[in-house]
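Work through the exercises below with the sequence and the model open. Each task is followed by a solution in steps.

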2 protein chains.
Amino acid sequence: MQVLEGDAARAALTRSFNEIPVPDAVLARIRDTFGEALTPEAVVARILDDVRQRGDEALLDWTAKLDGVRPGGLNVGPAEIEAAQVDPTLHEAIRLAIRRVRSFYEQQPAHGFLNHSPEGALGQLVRPLGRVGVYVPGGLAPLISTLIHTAVPAQVAGVQDIVVATPPARDGTVHPAILVAARELGLTQVVRAGGAQAIAALAYGTASVPAVDKIAGPGNLFVVIAKRMVYGQTGIESLPGPTETLVVADDSADPRHVAADLLAQAEHNGAEPVLVSTSRELLLAVQAEIGGQLEALPEPNRSWARDSVLARMKVVLAADLHEALALANLYAPEHLCLLTRDPWSLLGQVTRAGGVFVGEYSMEALGDYVAGPSHVMPTGGTARFMSPVNVRDFQNIISVVGLNASALRQIGPAGAALARAEGLEAHARAIESRL
Amino acid sequence: MQVLEGDAARAALTRSFNEIPVPDAVLARIRDTFGEALTPEAVVARILDDVRQRGDEALLDWTAKLDGVRPGGLNVGPAEIEAAQVDPTLHEAIRLAIRRVRSFYEQQPAHGFLNHSPEGALGQLVRPLGRVGVYVPGGLAPLISTLIHTAVPAQVAGVQDIVVATPPARDGTVHPAILVAARELGLTQVVRAGGAQAIAALAYGTASVPAVDKIAGPGNLFVVIAKRMVYGQTGIESLPGPTETLVVADDSADPRHVAADLLAQAEHNGAEPVLVSTSRELLLAVQAEIGGQLEALPEPNRSWARDSVLARMKVVLAADLHEALALANLYAPEHLCLLTRDPWSLLGQVTRAGGVFVGEYSMEALGDYVAGPSHVMPTGGTARFMSPVNVRDFQNIISVVGLNASALRQIGPAGAALARAEGLEAHARAIESRL
């Protein structure tokens, strides 16, 4: 791996936001499925439109076509949710994760204010959303933690009605671990649908799936495009895409831990691991460690991790920790791991990241499951303007204006003057008619 | 005007979110300008693409084509901002509006937390965005208040770098009132560009306009479509479209005030005024008042208001205030005005609205200028999932995980169990390598 420095490092860590990258394999699969070379946007537009028009039938048809199964019913029945079982260790881990994520979000300040003064009252009410959709990606294993890390902040926000959507397995079932997590969370609606078709159902509503006010959760390229397209129709919390971790390490870091953290990131499909260090020795030691740890991984994880390392890993030598943090802020990583002698002293310099993992016992993998904050964090540099999933995502502010006659006398004339300057005579008169 | 009740009222106040309505006049203007029948989306895509490719030149070309002027320079010079003057009454009104909006947002709770415990520390940092673009629509008059009501919350959030974009007048200038407001706000960059081309410049950056992290502010159909399209590339605060007010009034309301408030709304282009009352007498009296007050308005305001009233005004008779509030929540209005005997007693029933205007001295027109909360509020029913512009729009949350060895021993095994259940072996090992 090439070690980048200075301007070359800055160039490599500057994001190009212009396009969502589309892997060739995705384009090939589109050609196979549709018999023509469509863009992913065209595919998603077609699916959204069809689900909007034909509802459940379209949802079932697309699930059959894309996920290879036509489930008997779209919603998992209550008896099936009730009966789901996993081994006791996993069950306890699910309970612990729910407890810890809940306890974290209960600490988030998320209240309004109403300030009464002699002029009346002004303030903000904070209200939970009415109904939220949680998208849990499918793939090769049940993403239990994604359900927990999205639904719990919504529950803490006060949302009463949460609909879960997740693609069914080839046999039409939803993994029991997802159902156990749903049951532990008190959720009763789990829809057997994924991809753009699930986003469409949550946005527009069908006979079996109620339209929601906001859709939260990560997904593949098609899910992200669908969320972008339905935005405005319904709310979305962010556009989480392929994951990434940037590790800042100095010469005090243990190369074994740095390598383990980068590989934990790398085993995600499309992941981008980035290492920024002030020590050339550490960079070399980590590269050697990555080689060894890669070999020790079982398949398919070894292949996944190797693909990410070979295709996308970036290694940067920084002049000092100040430059390292500047590069991290430039990149705006989803995960920023600080593996340095005094990591807390760097926190004040972090301006752009989804989450910061401080020190060697706070590995990002722990944050993915049981640390507390949601693992659904902004990717692709969108940490410039987006936040990890949090309580605010599931609450609205309503402004309150409750002024009295005395306040109106004080400020009404200025309001009328501004209204006339803007050419809005009826505004001015609505004020003056009460003066 | 037809008075709607019961199911008919519910149907009339249920939003269809499927399409952004495109007036025929807009389609005709597109045909005239482009020589072909393009959709607004196709027009915007073309403009975005061109500005991304050709930068300033494209920005100037589109301004010439669509706004009828090719400004000498894209940025208003510092001397011009310094020299701008308006009459002293208006100047003082601008200062008052800035003071009051600032004072309101300084009260918004917007802080993070970092909870240190024996297991280490968990929390959320709250950071201002780096650079924000404020879009100020053009039109027939300078929208001074829009600049104030968008820039001030960003400033209170701690944003250091704010770029203003607004379409130039036919002579290439920006109205002195906008420049005076910018000066009073301490803003130094005002870009002479509007429409989709301005959104493109703010999203992608050009030689004269730096790319921003988030674009805030209302605009016409093309601006809203452009904001939707660049979302992901850059942040956007919401998608404010044509404005609307829903007035809930009982038999105690003064028909003159109700009519004045509805007409103040109606004089906006495309506005939707809605009146819900428990009193048939009031409905009739307000309709008579609207007729009289309309006639007394000068042109062009009279025509604007008449168009909105004739095309879109809805009048609803509710069985009681409980039903009136339920209908208001269903509609999720940008502005909800409570003109009833005891308006504060209704506040707890409001679940969906941009802003609530409580009682007869809190007319919405006052809120547009000097009350305090931003007048940029969610329209078109998006108050189901969006908030008025506020401090949170201009801050990101960064999650912090800083656990110690003892915490890792406690929760690490559960994390590893979840990782293995999700098929992520390298995650499990990254945790276990520290245990």
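**Exercise 1: an edge strand and its sheet**

Strand 1 of chain B and strand 11 (residues 314-317) of chain B pair in the parallel sense over two bridges. The model is predicted, so local features need pLDDT of at least 70 and side-chain atom pairs pLDDT 80 or more, while totals for chains, interfaces and linings use all residues. Residues are numbered from 1 along each chain as its sequence is written, chains are lettered from A and ligands numbered from 1 in the order in which they are written, and side-chain values use heavy atoms, without hydrogens and water.

Task: find the bridge partner of Val3(B) in strand 11 of chain B, then place strand 1 of chain B in its sheet.

Solution.
1. Strands are DSSP runs of E of at least two residues, and helices runs of H or I of at least four, numbered from the N terminus. Two strands pair if DSSP finds at least two bridges between them.
2. Val3(B) has Val315(B) as its bridge partner.
3. The open sheet has nine strands with mixed pairing, in the order 2(A)-3(A)-14(A)-13(B)-12(B)-9(B)-10(B)-11(B)-1(B).
4. Strand 1 (3-4) of chain B is an edge strand, as is strand 2 (113-117) of chain A; each pairs on one side only.

**Exercise 2: helix 10 in both chains**

Task: state how many residues of helix 10 are buried in chain A and in chain B, and describe what lies at the ends of the helix in chain A and in chain B.

Solution.
1. Buried means under 20% relative accessible area, exposed over 50% and partly exposed in between, with a 1.4 Å probe and protein chains only.
2. In chain A, helix 10 (residues 221-230) has eight of its ten residues buried; among them are Phe222(A), Ile225(A) and Lys227(A).
3. In chain B, eight of the ten residues of helix 10 (residues 221-230) are buried, including Phe222(B), Ile225(B) and Lys227(B).
4. Asn220(A) caps the N-terminal end of helix 10 of chain A, with a side-chain oxygen 3.0 Å from the backbone nitrogen of Phe222(A). At the start of helix 10 of chain B, a side-chain oxygen of Asn220(B) comes to within 3.0 Å of the backbone nitrogen of Phe222(B).
5. After the helix comes Gly232(A) in chain A, with a positive phi near 115°, and Gly232(B) in chain B, also with a positive phi near 115°.

**Exercise 3: enclosed space**

Task: how many cavities of 30 Å³ or more does the structure hold, and which residues line the second largest cavity?

Solution.
1. A cavity is a set of points on a 1 Å grid over the protein atoms alone where a 1.4 Å probe fits but cannot get out; lining residues have an atom within 4 Å of a point. The volume is the space filled by probe spheres set on the points, which are joined across faces, edges and corners.
2. There are two such cavities.
3. The largest cavity holds about 580 Å³. Its lining has 29 residues, and Lys214(A), Glu237(A), Asp393(A), Lys214(B) and Asp393(B) lie nearest the centre.
4. The second largest cavity holds about 50 Å³ and is lined by Pro109(A), Ala110(A), His111(A), Arg392(A), Pro109(B), Ala110(B), His111(B) and Arg392(B).

**Exercise 4: one annotated residue**

Task: is Gln265(A) buried or exposed?

Solution.
1. An unreviewed UniProt entry lists Gln265(A) under "binding site".
2. Gln265(A) lies in helix 11 (residues 255-266) of chain A.
3. Gln265(A) counts as buried because its relative accessibility is 0%.

Technical notes:
1 Å grid on protein atoms, 1.4 Å probe; cavity = no way out; pocket = protein on both sides within 12 Å on 5 of 7 lines; lining within 4 Å. Polar contact = N/O pair within 3.5 Å; in protein donor to acceptor, adjacent residues only side chain to side chain. UniProt positions renumbered as here; feature names shortened; annotations may be inferred.
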